[in-house]
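Please read the points below alongside the sequence and the coordinates. They are meant for someone who is meeting this structure without earlier notes.

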Amino acid sequence: MIGFIVRRFSVSVAVVLGIALVSFIVIQLPPGDYADGYESFLIEQGGATESEAERQANLFRERYGLDRPLPIQFYVWIRDMVTKGSFGFSFAYKRDVGELIAERLPRTLLLAVLAHLTSTAVGIIAGIFVAPRQYSIADNVAAFIAFILSALPRFWIALALMFFLVFTLEQEHVTAFHSPQYVVVPWAFGSVEEARESWAKLVDLMQHIWPVVVIAGLGGVARNMRVMRGNMLDELNAQYVTTARSKGLTEGQVMRRHAVPNALHPIIMYQGTVLPYMLQGELQASIVLGLPTIGTLLLTSLRNEDIYIAASCLLIYGVLLVAGNLIADISLAVLDPRVRFS
Amino acid sequence: MSRSKKRTIFLILSLLIVTAMLVNACGGGDSEPAAAEAPAEEAAPAAAEAEEEDAEEAMAEVDLSPTEYPEPQLIVGSREVQKLPLDQILTYKALDSYSEPEWVSELVAEGVLPPVEERLPVEPRVILESGMADGIGVYGGVWRDFSACPTEGYNRGAGQSAGWFGIEAAAYASLLKSGPIYRRSDSLEPLPYLAKSWEWSEDGHELTMSIIEGAKWSDGHPFTTEDVLFSWEDMIVDPNVQSPKGASAWIFEDQMTELVVIDDYTFKFVYPVAFPVQSLFQMDEGDFHISPSHILKPLHPKYNSDMDYVDFEAAMPPDKTPVVLGEFVPVEYITDELMILRRNPYYWGVDEAGNQLPYLDEVVFEKGPSGVGRTLSTLAGSADHSNLENPSTFIETLKRAEEDDAHFYVEWGPETLGFSIKLNLSTTLGVKDDRDSAVRELFRDLRFRQAVSFALDRDGISQSILRGPFLRGWAGGLFPGSSYFDRSTVAYYNHNPEASAALLADLGFEDTDGDGILNWPADRLASGENLVLALVTSEDAEETQTVGDAAVTLLGDLGVQINVRPLNSAARREMNEAGEWEMRVDRDSQTFAVPFTRCRELAPIEREFSFHREGSEPRELLDFEQELVDLALAFCVEPNTDIRKELMAEYNQISTENVHFIGVFVGRYGLAAAKRFKNVPAGMPVFMYNWTWENVMPEQVWVAPEEQIDQLRPGVIPTYESE
């Protein structure tokens, strides 16, 4: 067993290194580098002459190591990550990439978890509701809506919703987590007044993030609903359910005590590997709505070739995916005696 | 008939057909074309003569003269700028008494601040009531804005960005100010700012400047020529510092300008050439950043061996209140969310009644990932200002502005938003083969440039981008919104497909193979080939792609095949440097709006000139290009505004007559600004010499008490830890 875990872990490390290398190479593929954008900016906005801008761009490359060969840049990035825990330096923010990601990770995860909970809760409830009503109008309507929500591109729903928010509801501060008056309020619960302010800040937060949660969440309803519906149908036709009914239990009791708990197993098992997909779900909606999450950071860094941010974000997504799979593998190995370790 | 018989007959027939085709292709058909070719060869001179005659006749019939460039259409919401001489806009003088907001007086009473008289200079900068749109204002209020760039830090002199979008304009100060030049009627020179006056020596080699006496930094430290010298020697001139504009802007005829300090409040520039008046524009906002010597000098690697240039650049981090000279001071910054700026209690400007400026107490910049966020926030009511610079947002913004409850209005500035097609005029750079040479020679022929210009349906293109009176055709040359523009000098070769076709025929182009595309004439290097040209558009400017698509259709109708390739700005830059492009669509820079600030970009003076770049071989300027160079060089050093206007009139005439480049359309930048703001100058351009925040003079903007909205940090002034 331990040997199996060690083997899987070693493979995962190699995969993560591979992801790091591929991300780093892919980011370098577009022509030019960050200093080129800086050079254009100096000419177009700063009014510098082309030769002056070129001199400044070269100075920039030299200062931040962009003039070094790619393998050296990659080695330095990995070395600093391993030895100093540093993810590199952002050219646009002039800050450590790790700090930037750390600032955005909690709220990114918050959005992802809320969206995931929405899709799971709505999916399960809808699944439980439609399973006993197989092929009824309710079943078909629920399936139709869920698949439409799943099929519509999330960026499109985000655009439509943003238009609606700005032009119809005239909601202010659509591209922020908080209204300005709450950005400066700290989260604190020391006194009644502080708790009241923090509560108001929480309400304000919810007013701002619901579009992303709804867009990212409803897109995943179809999968959960269909899985739950299928499981429920299996369980409802199982012999032990017939036994339960024959004992004289009401249909509600049969559902609550027997069918639903057993039908939930596959969905609960699925939670272990779901993190990367959750993050992807919020990514599109956050980018369109301009919320400061890791998704928008990744997009802007890809655009302006702020390579260490982009590579670190991709690496983190990769690590989450690999870690999720590793945990799932190990859990399955622990729980399921049929898994062989060799 | 049996199936096998059918198959046999089918096979025989197929064989016959294939044989006939082979015979025809490989030799059987030879005699006819040969017979046809022979008389053609004999008849060639006669036919060519006939064609030439036809072309000449066609040329004679077609009107090739330029048309008159029309007057602009008036747009609702455009107002005339009220131009005034400088002495009606501002002055520097001592007043009998000074005042400040009540809450600041309370801080004075508490001993947190010295009295206002001690904080102000001997002769503060006085904004005159005669120059104010709504008169002397009242204190209080907030300006809510939006920034879509990260804040790197506040060491602007070392190239760090505070987040643009107006943050720099609100927080920093320079020797002179170019933004409000559009308001001047007496001159087109920058306005005095920290430097209150200047004088040229008789020989024009020395410029002596007096800075405002007794002004203080936002921490109360005196501002003197020590700061100017530090900003010059250790920031601008030091090659290791990434100052916004480096030393190269101060080199004339290969010699460097010198700065000599005379006393605490006087210094002089010593120039290697006489009267380089254009250098006044190197002293304005964004170019000559004044850095706080008392903060940065001890951290400069030249004076501190523990520091390197990377550490020095980061010496004014975004989470620490910076010491500045501007109207507002950034006191709080939450990465990618919000920046709060509060009034600078040491700001060195007042109104005529002695009220210390600014009137507003607070400026808040929300942060977002894209500039569109500013327009969205303005439409939604959470921002007080947006620059309308992207035509695709014009209609929605106008619709919203027309609603009764809209909190903002829209005003259109002068026509300074132009798009054009450039042709690569270099004969050598990026030329790889005979075809490339032929293409460049073609581009250097006036008839071809005129043909392209005549082919463009500018009104159609303008309307396809944005319906309504927002955009219209442009001939090239100066923007119609420039102060130097004179409509009578424009040679406008507007849409006239017949003229275009006649010019192409005159150049010898003819569709000889009947495929709908013109073929190169026999006497050119690309003889016989189809006339196919590559046109590069920009991925970052949607309108360039519309122009590209229009060029494909309009020139295609005349038999010129255009292949369009959109590129991002980095790829375009590489392409330009290598000279490996033929035609490209540009969103033009402000060179054609404010030519004096960028006079060396008007013509191929620098080796890197936009569309006639010099490579390893010397550049061959066309005669008219040389005339443009001579005019631009004379313009750069001409101190008299009237003579400068005459030079630009001549420049514009030569540029448009020779179709130096092909203007397509021109539009206006729009300003969306809160209705509650008072003293925003009428007709203020969003972008002229500079952007809105510099143009508006934010210190004079005020809001009536009943319209003021809540401040995020009421009663706060910038504070600094004592070292």
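1. Two residues are taken to be in contact if their C-beta atoms, placed from the backbone, lie within 7 Å. The model is a predicted one, and in it 41 residues of chain B are in contact with 39 residues of chain A.

2. On the side of chain B that touches chain A, at least two residues each are supplied by β12 (328–334), β15 (362–367), α9 (372–380) and α16 (569–578) of chain B. The largest share, 5 residues, comes from α16(B). Sorted by class, this side of chain B has 15 nonpolar, 14 polar and 12 charged residues.

3. Two of the elements just named, β12 and β15, also belong to an open sheet of 4 strands in chain B, whose order is β3-β15-β13-β12 and whose pairing is mixed. The edges of this sheet are β3 (142–147) and β12 of chain B, each of which pairs on one side only. On average, and with direction ignored, neighbouring strands of the sheet are turned by 20° against each other.

4. Within that sheet, strand β13 (residues 338–343) of chain B runs antiparallel to β15(B), and 5 bridges join the two. A reader who wants to locate this pairing may look at B:Met339, whose bridge partner in β15(B) is B:Phe365.

5. Chain B is divided into domain 1, which covers 86–384 + 676–707, and domain 2, which covers 417–668. The C-alpha centres of these two domains of chain B lie 38 Å apart, and the contact between them takes 11 residues from domain 1 and 11 residues from domain 2. On the domain 1 side of this contact there are 8 nonpolar and 3 polar residues, and no charged ones.

6. The largest nonpolar core has 173 residues, and those with the most contacts inside it are B:Ala171, B:Leu194, B:Ala632 and B:Val664. Strand β22 (residues 662–674) of chain B gives the most to this core, with 9 residues. Because domain 1 and domain 2 of chain B both give residues to the core, it lies between them.

7. Which residues does B:Leu194 touch, not counting residues up to four places away in sequence? They are B:Ala173, B:Ser174, B:Leu175, B:Ile211, B:Ile212, B:Ala215, B:Ile290 and B:Leu325. Apart from the largest core lies another core, of 45 residues, which includes A:Ala131, A:Ala146, A:Ile209 and A:Val213.

Terms used. Residues are numbered from 1 along each chain as its sequence is written. Chains are lettered from A and ligands numbered from 1 in the order in which they are written. This is a predicted model: local features need pLDDT of at least 70, side-chain atom pairs count only at pLDDT 80 or more; totals for chains, interfaces and linings use all residues. Ala, Val, Leu, Ile, Met, Phe, Trp, Tyr, Cys and Pro count as nonpolar, Asp, Glu, Lys and Arg as charged, and the others, Gly among them, as polar. Two strands pair if DSSP finds at least two bridges between them. Axes are lines fitted to C-alpha atoms, for helices over the stretch in contact, and angles run from 0 to 180 degrees between N-to-C directions. Domain bounds come from an automatic or database domain assignment. A nonpolar core is a set of buried Ala, Val, Leu, Ile, Met, Phe, Trp, Tyr and Cys residues joined through C-beta atoms within 7 Å. A residue is buried if 20 or more other C-beta atoms lie within 10 Å of its own, exposed if 12 or fewer, and partly exposed in between; C-beta atoms are placed from the backbone.
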